[in-house]
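This report concerns the enclosed space and the aromatic rings of one protein model. Please keep the sequence and the structure in view while reading.

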Amino acid sequence: MTLPATHIRRLLGWGRTLARHGALRGIERDPNAPGPVRTICRALRFGTRQPQQPDYAGAFRAIGPAAIKLGQTLATRPDLVGEEAAHNLLALQDQLPPVDFKLIRAEIETTFEKPLESLFATFDPVPVGAASVAQVHRATTTEGRPVAVKILRPGVREKFARDIETYEWAAAHLEAFGEEAARLRPRMVIANFKRWTVRELDLRREAASASELAEKMHAHAGYRVPTIDWDRTNGRVMTLDWIDGVKISDLAALDAAGHDRKALASRLVLAFLTQAISGGYFHADMHQGNLFVEADGTIVAIDFGIMGRIDRRARQWLAEILYGLTTGNYRRVAEIHFEAQYVPSYHSVDEFATALRAVGEPMRGRPVSELSVGQMLDGLFAITRDFDMQTQPHLLLLQKTMVMVEGIATQLDPTINMWDVSAPFVRNWIRDELGPESAIADRIREDSQTLLRLPDLIRRIEDRFPPKGGAPEAPPLPEIDLIIGGRKRKRRTRRTWPGQIVTFLAGGAAVAAANALGWLG
């Protein structure tokens, strides 16, 4: 177990780095931040030179790989770190200097217990990308197929484990301050971050995620997931098809290739909605570096370390919320928040609907380019505080991905209206999933499953109450007046143990007397 002194030493070092980048000023000025935390922030920045504009992304990059991943997670929590910091962290690029190729070769050969040349005919020693967790190389299999090979950085699992332990320690102490710190649930934020990171550090699970997403999206035209080479994939190495395409962020290259950027923007939004609402399983790291456009306009996604899941009931709520906001049905949106228990029941549904209207009305019917994201977020955060809404951890990845998708779609088509693109899809899904036909189908399915369980239920009842044996059933016995302790009591022949003792003694005396009189001899 790590000593508290070690956690404090790490936190002070990280805090000093944040202070040098001006990343603690927002906490100092936030009236909702606990007083002791603001005091520590002022002490950490003492004697430092700070930039005029805080560089949150630069601070997390300077701290290290685990901090980069944490920064990307906090980009989904403007209510926790502030809108300015969240917007800056969205641009946090997960890029680090590459690991020496000798170490990469050793990692591959050790994990497969084979020489590199027996797996790949060619292997480019210069990586095409180097991130905090892994780096990617271009190669050709011995069968002649071009592939991308992703290899974990040596020692990265141990480094992440140490840092996350300190994050957990710090979050527990922050939440102990109560009030606003407790409502934001920092411990749950770190718990989710830990779960996502552990999954990302096992490349077999990433490969399985890619395979599962490919199955769910195989019928969706214009969106594709690369095929996994399972023979060259394990916990530390993943091999998948090489993608020949243009990065979706390279607008000049997209225009030169003749792609319709407006169509690409709509296709990206609809692909995300199909994953999140229809399938309940979505790519949760859809930043610009993870999306490519092939020659025929197909969007190809890579990097499946972070995936999100939403159960069917939550998807129904989400679809109704989106549709209610697009149509201005704020009353229904408010009711869903109470049904889902996102808002405590002691608040008023009507008051919450009015608060939602104040935030939603300025957004309806306007392109994203004309909206003030800062004002919208301020309004939403004020609602969460006023109505005692706790953070919903299962929706954090969804919120993060929605922000990413919106940002990329806006770059592709600055005039895009997210509501107009989303509304037909959401409306059709609600009709299919929540309409009368769907309700009847759900009832038939549930009742059929109940009927199919009846034989097993009957067998369990028979086990509990087995049939009678060969002996005849005992006849009913008459009631007898018993004298116990000097009082008459009417009882059945089944008595408690004192009565049984008395009966035994009386019976024994009767038998002895009969023997003495010769009745039995």
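The largest cavity of this predicted model is lined by Lys69, Gln72, Thr73, Phe193, Trp196, Thr197, Glu200, Ile306 and Lys400. Two elements each give two or more residues to this lining: helix H5 (65-74) and helix H12 (186-200). The largest share, four residues, comes from H12. In chemical character, the lining divides into three nonpolar, three polar and three charged residues.

How much space lies in the largest cavity? The volume is about 50 Å³. A search of the whole structure for cavities of 30 Å³ or more finds one. As general background, rolling a probe the size of a water molecule over the atoms shows where empty space is left.

**Aromatic pairs**

The report now turns to the aromatic rings. A search of the whole structure finds seven aromatic pairs. Two of them are set out below, with the distance between ring centres and the angle between ring planes.

| Pair | Centre to centre | Angle between planes | Arrangement |
|---|---|---|---|
| Trp14 and Tyr167 | 5.4 Å | 55° | tilted |
| Phe272 and Phe282 | 6.0 Å | 85° | edge-to-face |

Why is the pair of Trp14 and Tyr167 described as tilted? The planes of the two rings stand at 55°, and the tilted class holds those pairs that are neither under 30 degrees, which count as stacked, nor over 60, which count as edge-to-face. Trp14 belongs to helix H1 (residues 4-20) and Tyr167 to helix H10 (residues 156-175), so this pair ties together parts that are 153 residues apart in sequence. Both Trp14 and Tyr167 are buried. Together with Phe193, these two residues form one aromatic cluster. Phe193 is also among the residues that line the largest cavity.

The pair of Phe272 and Phe282 is edge-to-face, with 85° between the planes. Phe272 lies in helix H15 (residues 261-279) and Phe282 in strand S8 (residues 281-283), and the two residues are ten residues apart. Are these two residues buried or exposed? Phe272 has a relative accessibility of 4% and therefore counts as buried. Phe282, at 2% relative accessibility, counts as buried too. The cut-off for buried is under 20%.

**Charges over rings**

Aromatic rings also take part in contacts with charged side chains in this model. Arg232 lies over the face of Phe120, at 5.9 Å from the ring centre. The charged end of Arg464 sits over the ring of Phe465, 5.1 Å from the centre of that ring.

Terms used
Residues numbered from 1 in each chain as written. Predicted model: local features only at pLDDT ≥ 70, side-chain atom pairs only at ≥ 80, totals over all residues. Heavy atoms only, no water. 1 Å grid on protein atoms, 1.4 Å probe; cavity = no way out; pocket = protein on both sides within 12 Å on 5 of 7 lines; lining within 4 Å. Points joined across faces, edges and corners; volume = space filled by probe spheres on them. Nonpolar A, V, L, I, M, F, W, Y, C, P; charged D, E, K, R; others polar. Phe/Tyr/Trp six-rings, centres within 6.5 Å; stacked < 30°, edge-to-face > 60°. Buried < 20%, exposed > 50% of the residue type's maximum accessible area, 1.4 Å probe, protein only. Lys NZ or Arg CZ within 6 Å of the ring centre and 35° of its normal.
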